[in-house]
Each structure stands twice: as C-alpha cells, then as structure tokens.
Amino acid sequence: MIAAAIGLILLLFFACFGFYWDSREKEWTVSTGTAFVMDTFIDQKLAGPKSQQAVEAVNQQLRAFEKRISAYDLSSEISKINQNAGIAYVQVSEETFSILQLAKEYSALSEGLFDITIGPLVELWNITGENPRVPEQQEIQKALELVDYRDVLLQEENYRVMLRRKGQKLNLGGVAKGMAGALAMESAKALGVHAGYLSVGGNIFTIGKKKDGASYRFGVRDPRGGASDYIGVVELTDTTMATSGDYERYFEKDGVRYHHILHPDTGYPGDSDLISVSVICKDGGLADFLSTALFLAGREKAMSHAKEGGFECILIDRDKNVYLSDGMKDCFTPNGENAGYRFVNLL
C-alpha cells in the first residue's frame, strides 16, 4: 500500500516536472529570420511559444510600414502627399498621421537641424540610388528654398496632410527605421516574445535577456574599418540602439566622401567633427532621430545634450576619440585589438 502510494506520488511528480519542462522549453522556442525591407537587411532572433509567427509578424509590420511611408513608392501615402504639395490635402491613415505628427515635433525640437521636408535635397543628390552626383550650387540653393518642416500642414480632426508649397517633398529617412522597428517589436511582444533582438540597418531593438540571463551583445562598428571591424561591444537589455555615421551610405568623387546625411541648412552632407553617433534609449523613433540630429550638430553640442540625460550615447570624432556617456560605463567594453581609437573621459 505504501509502495503504491509512493509510486503514485513519483508518477505525479515526474508528470508535473515533465509538464513544467515542456512548458519552459516552449517558452524558449527560438526562431530566426532575415529579409530585405526598407532598403536594408533585416535580421531577427526571437524567443517565445509563437516565435516563428512573431518573426513573420515583424516582417509583415515592416513591409506595411514601408508601404505607407516610402517616398520611393509612388502609391504610398507619403508619395501622395508629395504629389499634391501646394495643391490639396491628402487623407492618410491614423498611423501615418501619428508618424508625421511626431516627426514634425522632432523637427521642431531640433530647430530644423532634422527636417522631414528634406526630400528635394535627397532626390537631388541621389546618394542611395544608382547614380549619385554632386549637384551644382544653383540646384542646391533652389532645393534648399523648399526645405521647411513648418510647411507640413496637419488637420488632426480628419487625418489630412498637405505640404504648403509646390515642389516640397517629405522624406522620413532619419526616423523611419526607428519607428518601424519599435512597432514591429510591439507586434512580437503581443505574440508572447519575451526575449530576442531585431536589427534594421543601423538600428537594433532588444527584448529581455538570453536564456542564461545574459544581456544581448553587439559590436559597435569601426567607422573607418571593414564591415566586421568594431571598436567595442555594447550590452543591451529591453532597449534600442540607433547609429548614424558617414560610412553607411556614401560615394566618392575627386577624393571627397559624400555621405547620405544631408544638412538642411547647407544642402550638403553634414560636415561636423563626428563620424559616428550611437544613441541608446527605450524609444526607437527617438533614438533614430537623436543619432541623426546629434551627428549633424557636432561633438560639443552632442556632449552637451548627453549631459542633460534621458539617453545614452557613443560619439566617435574624426580624430578617433570615443566619448561614452556616463551610463555606458557598465555596458560597453572596448575592443583592445582595435588600435588607433582613444577612449577619453566619460561625459
């Protein structure tokens, strides 16, 4: 009788243990995926009971975002606004309206250093296209006259948008990937993803930690090295890192490098003393915006904003000095094998 009772207890124990172990393994079902969306490569690794479904949802979310806001897709809502510049208001989805509303706020926050009406200049240089060129000064001046985020007219009551003057064009390149990635990761969380990462070009989004409790680790690209060279490793948990630099997309002519981050005041690629800016914070769109704006602002202004708090950053200047904000002390490890970079005093 006693032996039978013990046997029953053991049977129940192993059954419960087996159920617990099976549930735990399902929670840590890991799925990976790669794709080419928003003119960049997407890489993701997600953990959760519906991880494969989440990977597909992320890709779908990114493609839907691109379909709405791409300035290169003539059927997108952004293109329709551009086509009707100075002519008529265009009805857009609530999602697109919210994106434009926030992007305009970012433009105002930067006092126009980041400007979502930079489309005419982007088209003129065509740096990310097949035939980039250095425009004539007269062409640049004409395009500059059309750049002014204050000309984005928003009617919140019915989600209608118009650009004030003909020839003006929206381009959300400085925030699009950050906003899209943030929305995609929310879709993943809704499907039970509790750990993993998503890489969208120069933007990295993380959820939770690895199965062993460690944070996700990523190399910070050497802006003057090859694709696999890095200046150090950063640990990220439940946050986003966006990087902007002069090495990502550029062309060279007569020994001069012309990169894709255009300055809305000069009409030329930004010419500050920084060559790479990485911003770490919870908000993907904000991180993307800040990395672009601080890159254009230059080292001194970037350091000043970093001291105000609210985000962490890694700044690399032309002299290969690396500046780390105070919060990076415990999550950034320099690459000792990468000679030439000097890690100076923390901000």
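So, where is the enclosed empty space? A search of the whole structure turns up 1 cavity of 30 Å³ or more. By cavity I mean a set of points, on a 1 Å grid over the protein atoms alone, where a 1.4 Å probe fits but cannot get out. About 50 Å³ of space lies in the largest cavity, where volume is the space filled by probe spheres set on the points, and grid points are joined across faces, edges and corners. Before going on: this is a predicted model, so local features need pLDDT of at least 70 and side-chain atom pairs count only at pLDDT 80 or more, while totals for chains, interfaces and linings use all residues. Residues are numbered from 1 along each chain as its sequence is written, and side-chain values use heavy atoms, with hydrogens and water left out.

Back to the cavity. Its lining includes Ala71, Tyr72, Asn82, Lys169 and Leu170; lining residues have an atom within 4 Å of a point. Helix 5 (residues 119-125) gives the largest share of that lining, 3 residues. Helices (H or I, at least four residues) and strands (E, at least two) are DSSP runs, numbered from the N terminus.

Leu170 also turns up beside Ile81. Isoleucine 81 touches Val90, Val92, Leu100, Val161, Leu163 and Leu170, leaving aside residues up to four places away in sequence; contact means heavy atoms within 4.5 Å. In the largest nonpolar core, of 64 residues, Leu62, Ile81 and Leu172 touch the most other members. Such a core is a set of buried Ala, Val, Leu, Ile, Met, Phe, Trp, Tyr and Cys residues joined through side-chain atoms within 4.5 Å. Buried means under 20% relative accessible area, exposed over 50%, and partly exposed in between, with a 1.4 Å probe and protein chains only.

Now the sheets. Strands 3, 5 and 4 form an open sheet in the order 3-5-4, with antiparallel pairing; two strands pair if DSSP finds at least two bridges between them. Strand 3 (90-91) and strand 4 (152-155) are the edge strands, each pairing on one side only. Helix 4 (residues 94-109) packs on this sheet and touches strand 4 and strand 5, its direction making about 130 degrees with that of strand 4. For angles, axes are lines fitted to C-alpha atoms, for helices over the stretch in contact, and angles run from 0 to 180 degrees between N-to-C directions.

Within the sheet, valine 90 has valine 161 of strand 5 as its bridge partner. Between strand 4 and strand 5 there are 4 bridges, with glutamine 155 opposite arginine 160. These two strands form a hairpin with 4 residues between them, and tyrosine 159 in the turn has a positive phi of about 55 degrees.

How many residues of strand 6 (residues 195-200) are buried? The count is 6 of the 6, so strand 6 is largely enclosed by the rest of the structure. Ala195, Tyr197 and Ser199 lie on one side, and Gly196, Leu198 and Val200 on the other. Strand 2 (residues 40-47) runs antiparallel to strand 6, joined by 6 bridges, and aspartate 43 has serine 199 as its bridge partner. Serine 199 also stands opposite isoleucine 204 in strand 7. Strand 6 and strand 7 form a hairpin with 2 residues between them, where glycine 201 in the turn has a positive phi of about 60 degrees.

One last residue: serine 291, in helix 8 (residues 284-297). Serine 291 counts as buried, at 0% relative accessibility.

Key:
On a 1 Å grid over the protein atoms alone, a cavity is a set of points where a 1.4 Å probe fits but cannot get out, and a pocket is an open set with protein on both sides within 12 Å along at least five of seven lines; lining residues have an atom within 4 Å of a point.
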